[in-house]
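Visitor: I'm new to this structure and would like a close look at just one part of it. Could you pick a residue, start there, and walk me outward?

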Amino acid sequence: MIAKIEQLLKEVEAMHASNAEELEALRIKYLSKKGAINNLMADFRNVAAEQKKVVGMKLNELKTIAQDKINALKEQFENQDNGCDGVDLTRSAYPVELGTRHPLSIVKNEIIDIFARLGFSIAEGPEIEDDWHVFSALNFAEDHPARDMQDTFFIESHPDILLRTHTSSVQTRVMEASQPPIRIICPGRVYRNEAISYRAHCFFHQVEALYVDKEVSFTDLKQVLLLFAKEMFGADTKIRLRPSYFPFTEPSAEMDISCNICGGKGCPFCKHTGWVEILGCGMVDPNVLDANGIDSKIYSGYALGMGIERITNLKYQVKDLRMFSENDTRFLKEFEAAY
Ligand code: DAH
């Protein structure tokens, strides 16, 4: 009996399985009801009384070793099977938060798309500018209020350097560097010395458009304005031009669109007039062309400029301007579906 136990012990210790089926076959061979170890157990009653203690201990030991060995092999297969060394593949994944495009970027891209279809290409310029490109080259008089510290951020140690107050400065940069035909659109951030409130901020965003060529007329401008308004706010949108003044355009106008919130019937947003102002525009003043190296006797042009926040408000009715720069993800997520 002892010899048989020793023999099985050797076999069990040498047990080896290369897959789950082989392992199951071993379990059946040694540990099942009719397996080798149980068969020995059945013979145990024939063992002489004085040997029972020793043989019993050996038998139990064999059974434990066999069981442990089978368990160890089984564990090895389970870990091997998923190929991940004990990593729990059933655990749920960490949620990956996807970002959303900023509403101002969504609207800026829409504006760019519309003008790109008309042949305008994007031009950019610096946010830290000098007096010439922001004011002088755009025909601002020496005593124009925009040059006042109250309205513009100047660099204290260098009063000629300032944060641009409008993207019209990009007009001058492009004109001084190239000759017509010029057809550009300039999106960007601008700065003004304003107290921050729900309807004003010390920085905001604008898009400027400039077209200079031979025989550009106010009719061309008006047609582009109408097309832009309809593309941006819907085919039923009407436009209205009111005479205005800008140093760099002559004649100048401001454009209203029929209020897209009430459809022109009148609501608090349009102050019950049915119209909302969205941009400034005009024919480029000949002084501006000449100051920037373009011969005003040969060329003419139109320009227009609008605030992206204003257009975004009209599209999405954001009541507080500060929301645009607070990076509150609850606010930003509201625009998830918009692009
Ligand atoms: N630069 C003007 C502003 O910041 C906007 C503007 C008005 C731009 C008329 C233009 C224009 O190009 O023709 O208020």
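**Starting from aspartate 130**

Guide: Let's begin with a pairing: aspartate 130 has isoleucine 161 as its bridge partner, and isoleucine 161 sits in strand S4. Before going further, keep in mind that this is a predicted model. Aspartate 130 itself belongs to strand S2. One step back along the chain, there's another pairing to look for: glutamate 129 stands opposite leucine 162, again in S4. In total, three bridges tie S2 to S4, which covers residues 158-163, and the two strands run antiparallel.

What does aspartate 130 touch, once you set aside its neighbours within four places in sequence? The list is Asp160, Ile161, Leu162 and Arg173. Ile161 is the bridge partner you've just met, and Leu162 is the residue facing glutamate 129. As for Arg173, its number falls within helix H7, which spans 168-177. For a sense of distance, try alanine 177: from aspartate 130 it is 47 residues away in sequence, and 16 Å away in space, C-alpha to C-alpha.

Now zoom out to the sheet that holds these strands. Three strands make an open sheet, ordered S2-S4-S3, with antiparallel pairing. Strand S2 (128-130) and strand S3 (154-155) are the edges, each pairing on one side only. In general, strands of a sheet pair through backbone hydrogen bonds, either parallel or antiparallel. On the S3 side, two bridges connect S3 to S4, and this pair runs antiparallel as well. You can spot isoleucine 155 standing opposite histidine 158 in S4. S3 and S4 make a hairpin, with two residues between them.

Follow the chain on to H7 and you come to the ligand. Helix H7 (168-177) gives at least two residues to the shell around the ligand, and so do strands S6 (203-213), S9 (275-284) and S10 (300-307). How many residues surround the ligand? There are 15, the closest being His166, Ser168, Arg192, Gln206 and Glu208. Sorted by class, that shell has five nonpolar, eight polar and two charged residues.

Three of those closest residues are worth a look at the level of atoms. In histidine 166, an N or O atom of the side chain lies 3.0 Å from a nitrogen atom of the ligand. Serine 168 also has a side-chain N or O atom 3.0 Å from a ligand nitrogen. With glutamate 208, the ligand atom is an oxygen, and a polar side-chain atom of the residue lies 2.5 Å from it. As for cover, the ligand on its own has 360 Å² of accessible area, and the protein covers 89% of that.

The strands S6, S9 and S10 that help line the ligand also take part in another sheet. This open sheet has seven strands, in the order S1-S5-S6-S10-S9-S8-S7, and its pairing is mixed. Its edges are strand S1 (121-122) and strand S7 (239-246), and each of these pairs on one side only. At the S1 end, two bridges join S1 to S5, and those two strands run parallel. One pairing to find there is serine 121, whose bridge partner in S5 is isoleucine 184.

While you're in this area, a few backbone details are worth finding. Between H7 and strand S5 (182-191) there's a loop that contains proline 181. The peptide bond from proline 180 to proline 181 is cis, with omega near 0°. Another cis peptide bond joins glutamate 250 and proline 251, where omega is about -5°. Proline 251 is found in strand S8, residues 249-258. Further on, the loop between S8 and S9 holds histidine 272. Histidine 272 isn't a glycine, yet it has a positive phi of about 60°.

One last step back gives you the whole chain. The protein is divided into domain 1 (1-77) and domain 2 (103-334), and the C-alpha centres of the two domains lie 89 Å apart. By its number, aspartate 130, where we started, falls in domain 2.

Technical notes. Residues numbered from 1 in each chain as written. Predicted model: local features only at pLDDT ≥ 70, side-chain atom pairs only at ≥ 80, totals over all residues. Heavy atoms only, no water. Pairing = 2+ DSSP bridges. Helix = DSSP H or I, 4+ residues; strand = E, 2+ residues; numbered from the N terminus. Near = heavy atom within 4 Å. Polar contact = N/O pair within 3.5 Å; in protein donor to acceptor, adjacent residues only side chain to side chain. Areas by Shrake-Rupley, 256 points an atom, 1.4 Å probe, with all protein chains shown as cover. Nonpolar A, V, L, I, M, F, W, Y, C, P; charged D, E, K, R; others polar. Domains from an automatic or database assignment. Contact = heavy atoms within 4.5 Å.
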